Amino acid sequence: MEKHIKLLTFRINEIEFKFNGAIKPGTAFKIMPKIENKLGVNDKNLFVNLSVRVNEDISSPVPFNLNVVMFGHFAIENPADQATYVKESIETLYPFLRAAVTSITANCNIPPYVLPVINTDEASAQPSEVDNKNKENLN
């Protein structure tokens with residue numbers, strides 16, 4: 001499969017982690033990360049913000065709140081539609097985002113949290129937000 005974009009650089013622009021100390025021992029967690037991908041195109045450059053949020057709501061407690069925003073700069077080598085750029089940028093950046101989240105949680109001295117694998121074909125159907133269909137149950 002021919003790639004349309006080439007990664008030039010990436011970095012993490014924002015990290016926010018807050019441990020939820022109010023959780024009682026033995027609480028079952030259902031972590032449902034919200035993954036968002038925003039694109040900007042300028043000539044032969046593609047700029048991407050890929051972010052993940054884990055936030056508590058009333059119906060679903062989580063052991064921590066987390067927000068990580070990653071920036072990627074790509075060169076457009078072969079013009080394509082936005083869905084293709086979304087798919088290829090997520091395929092490229094998401095493994096780095098997964099590694100960062102795992103490292104952050106491990107370094108906070110809690111069991112490391114690994115983001116689920118996502119289907120980039122589904123992600124390209126909805127360019128702005130990717131909600132994994134395989135919700136995770138953690139204890």
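**Stop 1: strands β4 and β5**

Select residues 45–54, strand β4, together with β5. The two strands run antiparallel and are joined by 10 bridges. Now pick R53. Its bridge partner in β5 is N67. What you have open is a predicted model.

Keep β5 on screen and colour it by burial. How many of its 13 residues are buried? The count is 12, so β5 is mostly covered.

**Stop 2: β1 against β5**

Add β1, residues 5–19. β1 pairs with β5 in the antiparallel sense, over 13 bridges. That gives β5 a pairing with β1 and another with β4.

Click L7. Opposite L7, in β5, stands F74. In a regular strand, side chains alternate between the two faces of the sheet.

Move on to T9, also in strand β1. Beyond its neighbours within four places in sequence, T9 is in contact with F71, G72 and H73. Select T9 and H73 together. They are 64 residues apart along the chain, yet their C-alpha atoms are separated by 5.3 Å. Is T9 buried or exposed? Neither label fits: with a relative accessible area of 37%, T9 is partly exposed, because that class lies between the limits of 20% and 50%.

**Stop 3: an aromatic cluster**

Show the side chains of F17, F64 and Y113. These three form one aromatic cluster. The model has 4 aromatic pairs in total. One of them is F17 with F64: the ring centres are 5.5 Å apart and the planes meet at 25°, so the pair is stacked. The limit for stacking is 30 degrees, and the angle here falls under it.

Where do the two rings come from? F17 lies in strand β1 and F64 in strand β5, residues 64–76, so the pair ties together parts that are 47 residues apart in sequence. Compare their cover. F64 is buried, at 2% relative accessibility. F17 is partly exposed, with a relative accessible area of 24%.

**Stop 4: just before β1**

Step back along the chain to H4, in the segment before β1. H4 counts as buried because its relative accessibility is 18%, and the limit is under 20%. What does H4 touch? Leaving out residues up to four places away in sequence, its contacts include A75, I76, E77, N78 and P79. A80, T84, Y85 and E88 are also on the list.

**Stop 5: the salt bridges**

Side chains of opposite charge can pair when their charged atoms come close. The model has 3 salt bridges.

Start with K3 and E91. Their side chains meet in a salt bridge at 2.8 Å, N to O. This pair links distant parts of the chain: K3 is in the segment before β1, while E91 is in helix α1, residues 82–107. They are 88 residues apart. Both partners are partly exposed, K3 at 35% relative accessibility and E91 at 27%.

Stay on E91 and add K87. The closest N and O atoms of this salt bridge are 2.6 Å apart. Both residues lie in helix α1, 4 residues apart, about one turn of the helix. K87 counts as buried, at 16% relative accessibility. Shared partners join K3, K87 and E91 into one network.

Then jump to K38 and E36. Their side chains form another salt bridge, at 3.3 Å, N to O.

**Stop 6: the whole chain**

Zoom out and switch to a cartoon view. The protein has 2 helices and 7 strands. Along the sequence, their order is β-β-β-β-β-α-α-β-β.

Of the 139 residues, 38% are buried. Turn on the surface. The accessible area comes to about 7900 Å², and 51% of it belongs to carbon and sulfur atoms. Now look at contacts between residues at least 6 apart in sequence: 69% of them join residues at least 24 apart.

**Last stop: colour by confidence**

Colour the model by pLDDT. The mean is 86, and 86% of the residues reach 70 or more. Which stretch stays under 50? Select residues 126–139 to see it. The model has 37 contacts for this stretch beyond four places in sequence. Where pLDDT is low, the predicted coordinates should not be read in detail.

Terms used. Residues numbered from 1 in each chain as written. Predicted model: local features only at pLDDT ≥ 70, side-chain atom pairs only at ≥ 80, totals over all residues. Heavy atoms only, no water. Buried < 20%, exposed > 50% of the residue type's maximum accessible area, 1.4 Å probe, protein only. Contact = heavy atoms within 4.5 Å. Areas by Shrake-Rupley, 256 points an atom, 1.4 Å probe, with all protein chains shown as cover. Phe/Tyr/Trp six-rings, centres within 6.5 Å; stacked < 30°, edge-to-face > 60°. Salt bridge = Lys/Arg side-chain N within 4 Å of Asp/Glu carboxyl O. pLDDT = per-residue confidence, 0-100. Pairing = 2+ DSSP bridges.
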